[in-house]
Amino acid sequence: GRAIGRSGEAESLVRANEDRLARVRAAVARAPTRRVVFLEWTEPLFCGGHWVPEMISLAGGEDPLGRPGEDSVRMDWDDVANAQPEMIIVSPCGYRLERAAELARQMPQISDAAVYAVNANAYFARPGPRVVEGVELLAHLFHPNLIPWRHGDRPWERIH
């Protein structure tokens with residue numbers, strides 16, 4: 001904000017996003033933690049890295065394969081199965097929902113884990129203010145009865 005002469009607007013945006021994250025954390029604080037695997041790529045498989053594992057944690061989830069603050073790495077279906085996820089989030093880096101859903105439908109089903117495709121391009125592939133909406137999206141998928149989705153679009157699709 002300082003760089004473009006809009007410090008007030010920038011500070012207001014930061015405060016608003018911090019408030020939104022605090023509301024999510026408070027809403028899921030006593031909820032059961034959801035065990036998830038976040039796929040940043042599907043062929044080959046890559047785990048969630050960088051800021052995504054923190055987003056999952058803030059939303060009330062845990063990804064045992066995620067690498068907070070680090071590069072995502074290649075893994076295989078045995079890794080996913082051994083993680084025993086309740087949910088698999090298919091979020092191929094840079095892809096919108098339609099393509100993510102296509103790829104998710106091509107994946108093998110791992111036990112009885114629910115599979116959701118999401119709009120990675122909009123919510124997970126780039127750091128920035130919209131990351132807060134990504135946390136809200138994950139929290140809604142993990143705990144729909146606690147976190148309503150209050151935005152106009154529906155950037156996820158349940159595959160199975």
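These are my notebook entries on cysteines, one helix and some aromatic rings in a predicted model.

**Cysteines**

I searched the whole structure for disulfides and found 0. Why is there no bond from Cys47 to Cys93? The closest cysteine sulfur to that of Cys47 lies 12 Å away, in Cys93, which is too far for a bond, given that a disulfide needs the two sulfurs within 2.5 Å. I ran the lookup from the other end too: for Cys93 the closest cysteine sulfur is in Cys47, again at 12 Å. I also checked their surroundings: Cys47 is buried, at 0% relative accessibility, whereas Cys93 is partly exposed, at 42%.

**Helix H4**

Next I turned to H4, residues 97-106, and listed its buried residues: Leu97, Ala100, Ala101, Leu103 and Ala104. Looking down the axis of H4, I saw them fall within an arc of 165°, so they line one face of the helix. What do these buried residues pack against? I got four strands: S1 (34-42), S7 (87-90), S8 (114-118) and S9 (156-158). On the face turned away from the buried side I noted the exposed residues Glu98 and Gln106.

**Aromatic rings**

My count of aromatic pairs came to 5. For Trp149 and Trp156, the ring centres are 5.8 Å apart and the planes meet at 90°, so I logged the pair as edge-to-face. Both are buried: Trp149 has 15% relative accessibility and Trp156 has 9%. These two belong to one aromatic cluster with Phe38, Tyr123 and Phe124. Happily, Tyr123 gave me one more entry: the charged end of Arg130 sits over its ring, 4.5 Å from the centre.

Definitions and conventions
Residues are numbered from 1 along each chain as its sequence is written. This is a predicted model: local features need pLDDT of at least 70, side-chain atom pairs count only at pLDDT 80 or more; totals for chains, interfaces and linings use all residues. Side-chain values use heavy atoms; hydrogens and water are left out. Buried means under 20% relative accessible area, exposed over 50%, partly exposed in between (1.4 Å probe, protein chains only). Helices (H or I, at least four residues) and strands (E, at least two) are DSSP runs, numbered from the N terminus. The arc is that of the directions from the helix axis to the C-beta atoms. Contact means heavy atoms within 4.5 Å. Rings of Phe, Tyr and Trp (its six-membered ring) pair if their centres lie within 6.5 Å; planes under 30 degrees apart count as stacked, over 60 as edge-to-face and the rest as tilted. A charge sits over a ring if NZ of Lys or CZ of Arg is within 6 Å of the ring centre and within 35 degrees of the ring normal.
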